[in-house]
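Here are a few warm-up exercises on a single chain. Have a look at the model first, then work through them at your own pace.

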Amino acid sequence: MREKKEINIAVGNHIQLVREEAGYTQDTLSELLDITPNHLSAIERGVSGISLETLQRLCLLLGVSADRILFGLDAQEQEALAIARRITDLKPENRKQIQDLLSIILDML
C-alpha cells in the first residue's frame, strides 16, 4: 500500500469540505468531474493526488479558488491575501504610504 502524502491528505480534506458545502455526493460530483466515484474517494482520503485538469474543473464547477482547495482558505482569507498581493505589487514608496495609512485605520478600530 502506498504511503499517503501530507499534501494529498490536506487537499483531499479541503475537497471533501467544499463538496459537502456545495451539497454534492461523491457520486454526483465524480460524474460531473468525469472521474469514477472510487477515484474521487481516493482523492478525498489522500490516497491519490488530484490532477491539475481535475482541479481546474472542480474549481470552475464549485465556484471556488484553487487557493481554497490547496490551502483551505475561506473567502475572508482569500480577500485578505488578494489585498496583500496588491500592496506587494506597488512601487516601494507607494507601498510604504499604504502601510502607514492601514496602520492608522487599524489603530482607530
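Two residues are in contact when they have heavy atoms within 4.5 Å. Keep in mind that this is a predicted model.

**Exercise 1.** Work out the secondary structure and overall spread of the chain.

*Solution.* Start by counting elements: there are 7 helices and 0 strands. Along the sequence, that reads α-α-α-α-α-α-α. Next, take the radius of gyration: it's 18 Å, well over the 13 Å from the globule rule for 109 residues, so the chain is more spread out than a compact globule. For the box, the C-alpha atoms fill roughly 55 × 30 × 25 Å along the principal axes.

**Exercise 2.** Find what share of the contacts between residues at least 6 apart in sequence joins residues at least 24 apart.

*Solution.* Keep just the contacts between residues at least 6 apart, then pick out those joining residues at least 24 apart: they make up 53%.

**Exercise 3.** Is Ile9 buried, partly exposed or exposed, and what does it touch?

*Solution.* First place Ile9: it sits in helix α1, residues 6-22. Buried needs under 20% relative accessible area and exposed needs over 50%. Ile9 has 31%, so it's partly exposed. Leaving out residues up to four places away in sequence, Ile9 touches Lys4, Arg45 and Gly46.

**Exercise 4.** Place Leu101 and find the surface patch that includes it.

*Solution.* Leu101 belongs to helix α7, residues 92-108. Its relative accessibility is 47%, so Leu101 counts as partly exposed. Leu101 joins Leu90, Ile98, Leu102, Ile105, Leu106 and Leu109 in a nonpolar surface patch, together about 650 Å² of accessible area.

How values were computed
Residues numbered from 1 in each chain as written. Predicted model: local features only at pLDDT ≥ 70, side-chain atom pairs only at ≥ 80, totals over all residues. Heavy atoms only, no water. Patch = residues over 30% accessible without salt bridge, like charges linked within 9 Å, V, L, I, M, F, W, Y side chains within 5 Å. Areas by Shrake-Rupley, 256 points an atom, 1.4 Å probe, with all protein chains shown as cover. Salt bridge = Lys/Arg side-chain N within 4 Å of Asp/Glu carboxyl O. Helix = DSSP H or I, 4+ residues; strand = E, 2+ residues; numbered from the N terminus. Buried < 20%, exposed > 50% of the residue type's maximum accessible area, 1.4 Å probe, protein only. Rg over C-alpha atoms; globule rule 2.2 N^0.38 Å.
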